[in-house]
Structures are given as structure tokens and as C-alpha cells.
Amino acid sequence: MKKILTLVTFSLLLGMAGCKKDSEFLNVQPFAILTSEQSFSDANQAVSIVADLYNRVADMTAFKNSWESFIDPGEAVPSTFGHVTVQRNGWGFGEWGNWDYGYLREINLFIERATAATTLAEADKKRFVAEGRFLRAAHYFEIVKRMGGVPIITKSLLYDYSGDASSLQNPRAKESEVYDFVIKELDEIKGDLPIAPRTKDRATRATALAMISRAALYAGSIAKYGATTPTVALPGGEVGIPASMANSYYQKSLDAAKAIINGSAGSYSLYNKFPTNASQNFTSLFVDNADKPGNPETIWIEDYKIRSGKQHGFTIQNQPIFGAEEVEGGRVNPSLNLVQSFELLDNTFAPLPIKDASGNPIYYNDPMDLFANRDARLHGTVVVPGSIGKNRPVDIFAGYQLANGTVVSGPSLGFIGKLPGSTADVKLVGSDGPLNAIEYSAQSGFYIRKFVDPAVGSGSRGTGSEVPWIRYRYAEVLLNAAEAAFELNLPEAVGYLNQVRKRAGFNTPLTTVTFDRIVNERRVELAFEGHLIFDKKRWRLAHIVWDGSQMTETELTANIGDPRKRNTQPFALWPYKVHDPGSPNHGKWIFKIVKNSIVTGASRFQLGNYYSEINTTILANNPKIVRQPNQ
Amino acid sequence: MKVKYHFIVLLVLGSIALSCKKDNYAPPSSALTGRLVYKGEPIQVEYDRVPFELYQYGFGKVGPINGTITPEGTFSHMLFDGEYKFVIRPGQGPFLWPQSGGKADSISIIMAGSKSMDIEVNPYYMIRTPQVAKSGTNVTATFKAEKIITDAVNGKSIERASLYVNKTQFVSGTDNIGKTDLAGTAITDPNSISLTTAIPTITPTQNYIFARIGLKITGVEDMIFSPVVKLNL
């Protein structure tokens with residue numbers, strides 16, 4: 001009886017289990033993958049998707065692109081045995097190219113799916129869609145800077161496998177149309193983005209306005225200065241913007257900048273935590289990790305956090321090598337070309353005083369004296385000989401200068417040897433160099449300070465740094481406003497420029513603005529922040545300053561501050577200690593301008609470099625795409 | 001573990017037997033050589049500055065075969081037999097390449113065995129009767145700049161004339177150890193332009209030097225040059 005009962009129960013259970021319909025049985029939801037409906041069901045879920053899109057924003061100079069991306073032509077020497085950036089005579093036409101439509105497709109999908117989401121709260125949905133459109137505009141801006149007009153795709157495209165792909169082939173839009181698209185999109189969504197000055201790593205209203213300000217400024221200057229290079233244009237307008245459009249772009253740029261300056265997008269201001277020490281202040285602006293949301297200057301950053309899996313190695317790669325936390329450092333060596341572009345505090349340009357009128361060296365008790373009375377941003381950007389590097393003094397000197405004119409030096413960092421007429425062992429070369437073609441040494445005589453994290457451990461591979469990469473900051477907005485107002489002949493331009501200069505320690509305000517001033521101000525304020533190449537491109541100065549000619553020392557020290565000045569090769573400034581017992585100059589310092597042995601090439605920017613090459617695969621796949629000019 | 005050698009031997013023998021078939025295509029064997037000329041005189045340009053492209057149609061996607069014109073104005077490529085199109089893109093070279101509708105016209109080349117051909121181009125200027133000589137510690141040069149394209153639409157003025165010297169036979173604005181520039185506005189008589197530049201000290205020393213005259217034309221990126229001259233010091 002018991003046996004029968006068990007059997008019956010068992011077969012009943014079996015029958016019940018087997019009753020499921022085949023279609024249901026096979027239709028098992030995956031456990032590891034969310035459907036698009038599920039992923040947009042909850043705001044926290046959707047944040048992780050938008051975070052991935054933020055993570056993939058394209059930058060040219062950035063921590064994620066390693067230290068090499070900071071070697072701007074003429075502005076820095078790469079501290080290696082030799083590096084292509086100072087050995088080549090120019091750039092291939094494909095340099096700086098970006099045709100990342102894969103990323104754009106995913107942004108388009110994100111926008112479509114967020115729009116279709118049914119369970120998201122209306123406010124969340126609005127913000128996500130606005131962020132998607134913001135990222136799309138940011139990417140189009142990035143592409144148009146490099147490629148000129150590109151096809152504008154605003155929805156996800158799908159191939160129907162019909163064998164005919166012509167529905168996916170779109171022609172290039174005009175360059176002005178892409179800029180218009182970027183500005184229009186940002187204009188439309190800025191209202192949907194929160195006014196949140198403490199939010200730095202997601203789009204806010206100020207981020208959208210700052211991007212409008214930069215994009216419109218770029219478009220305006222391409223329209224205005226493009227007239228000087230008439231061959232850099234295509235008859236269909238895919239490259240080149242008519243000069244008549246310049247003023248309306250400048251006006252848009254100024255309006256957007258003013259919207260941030262007057263506080264309508266939240267309260268932003270120049271970082272000024274150390275009002276009595278302008279150099280310290282400028283240094284801290286970039287590395288103040290204690291209160292990142294409280295930094296009033298940053299608008300959009302790519303944030304990093306140690307012990308979270310997202311940290312970067314910029315400090316590892318660029319800490320002074322003497323006393324470094326790793327056997328690595330000192331990669332980016334700012335050039336003398338850049339260092340001498342920092343003005344004197346009386347608003348004039350002057351070469352560093354290393355020789356008197358008759359050509360004899362000037363002797364200094366303290367190497368820091370050579371750099372006295374200059375723009376405070378110099379010490380905030382560059383580690384000069386005699387200053388404090390990453391929390392300890394740097395040891396930069398190239399050797400001993402003897403009375404008979406010869407130099408005693410050594411072959412390696414911190415080399416110990418004997419001076420003539422002495423039996424005592426002394427250090428003949430600084431432990432930080434400079435030495436030609438010796439890795440990690442300050443080959444130009446300088447190290448970079450900007451972005452180098454003073455935090456202990458930030459220079460070791462196990463920890464890394466959490467200094468944020470700043471994409472947009474308030475000082476740039478002021479400089480955008482100054483430039484746009486200057487181009488529109490508005491007197492307010494000088495006020496914006498003076499705000500930035502005052503923070504840099506200039507107490508005498510400028511009374512007039514010139515184009516030259518704006519160019520130099522952007523060069524020194526925004527050095528190593530990824531602006532230089534694009535600025536030179538939009539002003540159509542790139543083929544003039546990088547003309548491929550070798551430079552001489554006389555040429556280097558002449559006409560400082562001239563925006564058309566040649567800058568094809570980075571120069572070095574090497575300090576020497578004087579060894580001349582009995583002379584009053586014994587133990588003092590002198591400086592010599594040298595060209596590093598690794599600097600063999602001279603950058604030549606061809607007209608065909610203004611817009612990066614659209615490669616032959618793209619041209620073959622889509623016959624509607626027209627080629628770039630001058631290539 | 002016992003290694004079974006006969007398996008290894010079998011494997012090696014097997015792969016040798018199977019790989020015996022010839023699987024390589026013959027390399028391209030027809031040489032295309034030629035010069036860019038103006039009335040029989042080659043156009044002298046800068047090293048690696050004037051690219052040309054060859055296209056062959058009929059094999060799916062089309063991409064260029066790239067090459068550059070040598071400083072002496074010659075070009076060469078190894079090709080398969082067939083029909084090609086030769087083109088120099090607008091904006092390249094110190095000459096006016098024929099265009100229609102903003103696009104460069106191409107020249108059809110039919111390869112059947114090796115071929116040598118001169119391509120006639122229309123330069124903006126030609127450097128005529130260049131005389132480059134050493135005098136003392138200087139190099140002096142005289143030449144005549146003949147304006148070839150004279151019509152109002154395409155005619156261009158001279159931006160500058162330059163004399164370059166270098167240690168090697170690559171002599172140009174990029175590769176030089178000494179140079180002298182003369183602005184176009186300072187040229188009074190284009191029929192007699194003279195330039196002088198000092199010979200710098202050369203380390204390590206060598207007893208010869210190469211010199212070349214270049215002419216930069218306003219609004220044209222690539223310069224036109226005179227033939228390279230070797231001077232014994």
C-alpha cells in the first residue's frame with residue numbers, strides 16, 4: 001500500500017512538472033544579462049550605464065592616454081632615451097584622427113532606451129536623456145575639432161542584410177553644421193540638467209554652457225582666421241566656415257560664458273584658497289583632493305579615487321626621480337620655450353637673464369633667483385632648479401663650470417667624482433640630471449608640477465593618484481569670454497583677462513587686450529591641459545609656429561610672446577655650479593641654453609594636418625564621404 | 001611518461017608532405033618609373049613631401065597604392081600588369097595638377113611589362129640657370145625665377161627664395177645646417193636673384209657640402225628646388 005502511494009505521488013509530480021509548455025520551458029531568462037527594459041527600470045541601474053559612457057569620453061591629452069599625450073610640440077622634452085615626438089619632422093595626416101561611430105551608436109541607443117523606459121521617474125528620465133545628448137554633443141565636438149564636418153547620426157542605425165548598405169551611407173555635414181548641432185543640442189538640454197556646482201563628474205547646466213562657450217569660440221575663430229588659409233577648405237563646406245558667420249559664433253560663446261560668470265548656472269569662481277601665495281594657489285588648484293566637490297573652479301572633471309580601481313599613474317610617471325617612490329618619474333620636462341613665456345610681473349616679456357649685455361654669464365647665489373618676479377603660474381606649472389619638487393628639493397645641475405671654461409660632469413644621475421685639484425668625492429651631476437638621453441632625468445632642466453600629486457604614495461605603482469583630470473574650468477570660461485569679447489570689439493574683454501591674471505599674481509591690470517595677449521595667456525594658463533594643438537589649429541597659426549625649420553638660441557630668446565613665433569623644437573636650460581676657488585663667483589650658479597641631443601627633428605605642421613585624414617577604408621566603404629583638403 | 005617518438009616523426013613527415021605545395025603568388029614584376037617634368041626638365045622637390053597615388057579598379061574596395069616623388073622629381077613602383085590611374089592630390093607639389101570640380105584628374109597607365117614615362121606638369125615657377133658655387137667660407141647662388149603660370153586666377157607671387165646647405169644630399173627647409181632666406185618682396189629682379197650663406201662648421205669634419213636653392217610660392221605649401229649641387233670645400 002505504502003509503495004503504491006509513493007509511486008502514485010511520484011508519477012503525479014512527474015506529470016505536473018512535465019506539463020509545462022515547450023515554448024515556456026525553452027524560454028529561460030538569462031541570469032547574467034539584463035534586458036534593456038530591466039536596465040532602465042531603476043535610476044541606480046541606469047547610472048551605471050551612463051557612467052560607462054562618461055568613462056569613454058574621448059580626450060587627446062589626458063591621464064588615461066599616458067604621459068606621452070602631455071608632450072605638446074615645442075613645449076616639453078620627453079625624458080626617455082629618445083622619443084618620436086622630438087625626432088620626427090612632422091605629423092602623419094592621420095594624427096589626431098577620430099572616427100568613433102561605435103561610441104556614438106551606443107550613446108544613441110542609450111538615448112532611445114532611456115526615452116522608451118516606462119518605470120523610470122520622469123525627472124530621472126529627463127536627466128538621463130539630457131546626459132546622453134550632452135555626451136553625444138561632446139563627442140561630435142571632439143570629432144569636428146579633429147576631422148571637420150562629419151555625418152551627423154542622431155539615431156541608431158541597423159543594417160537589414162539586404163546586400164545594399166546605401167541606407168547607412170551618409171555624406172559629411174558642413175563643418176559649421178556640426179558646430180551648430182553641438183551648440184543647439186547643448187542649448188536645448190541645458191535646462192534639463194541640474195544646477196549643481198558641487199557635481200563635477202556628471203553634466204550640469206554649467207558644463208553644458210562651458211562646452212557651448214568653447215565650441216562656439218572654436219567655430220568663430222575657424223570662420224575668422226580660416227580666411228588666412230583659403231586652401232584649407234572644401235567647396236561643399238565640409239571643411240571651413242564662411243567668415244560671415246564669425247560674429248554670431250563669438251556672440252554665442254560670450255553669452256554662454258557670461259551665463260556661468262553671472263552665476264545663473266550655480267556659483268563658480270577662481271580657486272583662491274591661498275590668496276597670499278599665488279604659486280601655491282595655482283599648484284593646489286589641480287591637486288586639491290581633500291574637497292574635490294568644493295573646488296569652485298572645476299566644472300567638468302574625470303574623477304579618480306585610490307583603492308577603488310580607478311586611479312592613474314601621472315604622478316608615478318612625472319615625480320622627480322631623486323627620492324621618487326618608484327624607479328620611475330620625470331617624464332614630462334617642460335621646455336625653456338614655455339618657461340620663458342611666463343611674463344614678468346610688470347606685464348612685459350623678457351628672456352631669462354642668463355647673460356649680461358656683453359655676453360658674459362650672470363652669476364646667481366640661488367638658482368631660484370633667475371626666475372624671480374615672474375608670473376606665479378610658472379612655479380605652479382613647472383618645477384625649476386632649486387625649488388621643491390614632490391615634497392622635497394630637486395637636485396638639478398648639469399655639472400661644474402671651471403675657470404678655464406671646461407665643464408666637469410658625469411655620465412649618470414648623481415655621479416660621484418673628483419674635481420680637479422681636489423681629492424674629495426663630490427657629486428658632479430644632480431641626482432635629477434639634467435643628462436642627455438638619460439631616462440627620468442630633467443633633460444630640459446625642468447620637471448612638470450601641474451597635476452603631480454603631493455600625497456604620499458601617489459608616486460608608487462601600488463597606490464597611484466586620485467588627482468582629477470579637469471576638462472573644463474572656470475579660468476578657461478573667463479579666457480573664452482575675453483577672447484569672444486575681444487573679437488566682438490567689446491571693452492569688457494580686458495576685465496575677464498585681468499581676473500585670470502590677478503589670480504596669477506599680476507597686480508597691475510592690463511588696460512587693453514590684444515590678440516597676442518590672448519594667445520599667450522591661454523598658452524601659460526592652460527599649459528599641458530590639452531588646449532595647445534586645438535588652439536593653434538583654430539587660429540590657423542599651427543603651420544606658422546611649426547614650420548619645420550630648425551631653431552637657434554638667438555631665435556629662441558627673441559620676440560617672446562609673439563603668437564607667430566617659431567616653436568618647432570623644445571630647448572633646455574641647464575644650470576651649472578661654478579668651481580673657481582678664490583674667485584667671488586665660486587659656488588655660484590650659471591645657466592646655459594642647450595638643445596638636447598635627443599631633439600633632432602623639427603615639427604612641421606602641413607596644411608593637410610589641419611584636418612586629420614579620413615582613412616581609405618572609410619572612403620572605400622562610403623563613397624559619399626569627401627576627402628580632406630591638402631592630403 | 002614514455003614519449004612515443006614515432007608519432008612525432010609521423011607528424012613532422014606529414015606536415016612536410018602537406019606543405020610541399022607552392023602557395024606564394026609571384027611578386028609584382030613590372031616596374032613603373034618616370035619623372036615629373038615641365039618641357040622635359042624634371043621638377044625638383046623636397047624629400048618625402050609630394051605624394052602620389054596609384055589606383056587599380058575592379059577588385060572590390062578601392063584604396064590607393066601610395067608613393068612619394070623623389071627630390072629629383074622621379075617616381076617608381078613595382079606593379080602587376082593591368083590598368084592603373086595615377087593622381088597627385090590638389091595642394092600637393094609646387095605645380096598646378098589638372099582638376100575638374102575640385103577633384104584631381106587622373107592619368108591612365110596601362111602596365112604590360114616595365115614602363116618608363118614622363119608626366120608633364122605645370123609648375124608655378126621654374127628655377128632657371130642656377131649657379132651654386134663656393135667662395136671663401138660662403139656658398140653663393142644666382143638664378144633666374146621664371147614665372148610659368150602667369151594668368152590672373154592661378155598665378156602666384158614668390159613668398160621667399162632660400163639657399164640651403166647640408167651635410168647630406170637631403171637638402172631642404174627641414175634638413176639643413178645653414179640657410180639664407182630672401183623675402184619675395186625684397187626681390188627686385190626675378191631674372192637675377194643672388195643668395196649667399198655661410199658654411200657652418202661641420203662636426204665631424206667633412207670636405208664636401210651639398211647646396212640647393214628653393215623657391216617658396218605664396219599659398220603653395222611645397223617648394224620648388226634647383227638640383228642638388230655637391231661642393232668640395
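This passage goes through the interface, the enclosed spaces, one pocket and the salt bridges of a predicted model with chains A and B.

Starting with where the two chains meet, 20 residues on the chain B side are in contact with 18 on the chain A side. Putting the chains together buries about 1,500 Å², and carbon and sulfur atoms give 39% of that area. On the chain B side, the residues that lose the most area to chain A are Arg49(B), Thr174(B) and Glu221(B), which together make up 38% of what that side buries.

As for how the chains pair up, two salt bridges are counted between chain B and chain A. In one of these, Glu53(B) pairs with Arg627(A), with 3.3 Å between the closest N and O atoms. Eight residue pairs are in polar contact across the interface, counting pairs in which both residues have pLDDT 80 or more. Sorted by class, the face that chain B turns to chain A holds nine charged, seven polar and four nonpolar residues.

Next come the enclosed spaces. Searching the whole structure turns up eight cavities of 30 Å³ or more. The largest cavity has a volume of about 260 Å³, and 23 residues line it, with Ala58(A), Asp59(A), Glu142(A), Lys145(A) and Arg214(A) closest to its centre. Three elements of chain A, namely α7 (122-147), α9 (205-225) and β10 (469-473), each put at least two residues into this lining. Of the lining of the largest cavity, α7(A) has the largest share, at six residues. By class, that lining splits into 13 nonpolar, six charged and four polar residues.

The second largest cavity holds about 150 Å³ of space. It has 15 lining residues, and those nearest its centre are Arg523(A), Lys536(A), Asp562(A), Pro563(A) and Lys565(A). Here the largest share of the lining is three residues, and it comes from helix α17 of chain A (residues 515-525). The lining of this second cavity comprises six polar, five charged and four nonpolar residues.

Turning to open space, the second largest pocket comes in at about 870 Å³. Its lining counts 35 residues, and both chains appear among those closest to its centre: His543(A), Ile544(A) and Asp547(A) from one chain, Glu159(B) and Lys216(B) from the other. The elements that give two or more residues to this lining are likewise drawn from both chains, with α17 and α19 (542-545) on chain A and β15 (158-166) and β16 (178-183) on chain B. β15(B) gives the most, with three residues. In this pocket lining, nonpolar and charged residues number 13 each, and nine residues are polar.

That leaves charge pairing over the model as a whole. Side chains of opposite charge can pair when their charged atoms come close. Over all chains, the count comes to 58 salt bridges. One of them joins Arg473(A) to Glu525(A), whose closest N and O atoms are 2.8 Å apart. Arg473(A) sits in strand β10 of chain A and Glu525(A) in helix α17 of chain A, so this pair ties together parts that lie 52 residues apart in sequence. Both elements have already come up above: β10 of chain A supplies at least two residues to the lining of the largest cavity, while α17 of chain A gives the largest share of the lining of the second largest cavity and two or more residues to that of the second largest pocket.

Key. Residues are numbered from 1 along each chain as its sequence is written. Chains are lettered from A and ligands numbered from 1 in the order in which they are written. This is a predicted model: local features need pLDDT of at least 70, side-chain atom pairs count only at pLDDT 80 or more; totals for chains, interfaces and linings use all residues. Side-chain values use heavy atoms; hydrogens and water are left out. Contact means heavy atoms within 4.5 Å. Buried area is the accessible area (1.4 Å probe) that two parts lose on being put together, summed over both. A salt bridge is a side-chain nitrogen of Lys or Arg within 4 Å of a carboxyl oxygen of Asp or Glu. A polar contact is a pair of N or O atoms within 3.5 Å; within protein, one must be able to donate a hydrogen and the other to accept it, and residues adjacent in sequence count only if both atoms are side-chain atoms. Ala, Val, Leu, Ile, Met, Phe, Trp, Tyr, Cys and Pro count as nonpolar, Asp, Glu, Lys and Arg as charged, and the others, Gly among them, as polar. On a 1 Å grid over the protein atoms alone, a cavity is a set of points where a 1.4 Å probe fits but cannot get out, and a pocket is an open set with protein on both sides within 12 Å along at least five of seven lines; lining residues have an atom within 4 Å of a point. Grid points are joined across faces, edges and corners, and a volume is the space filled by probe spheres set on the points. Helices (H or I, at least four residues) and strands (E, at least two) are DSSP runs, numbered from the N terminus.
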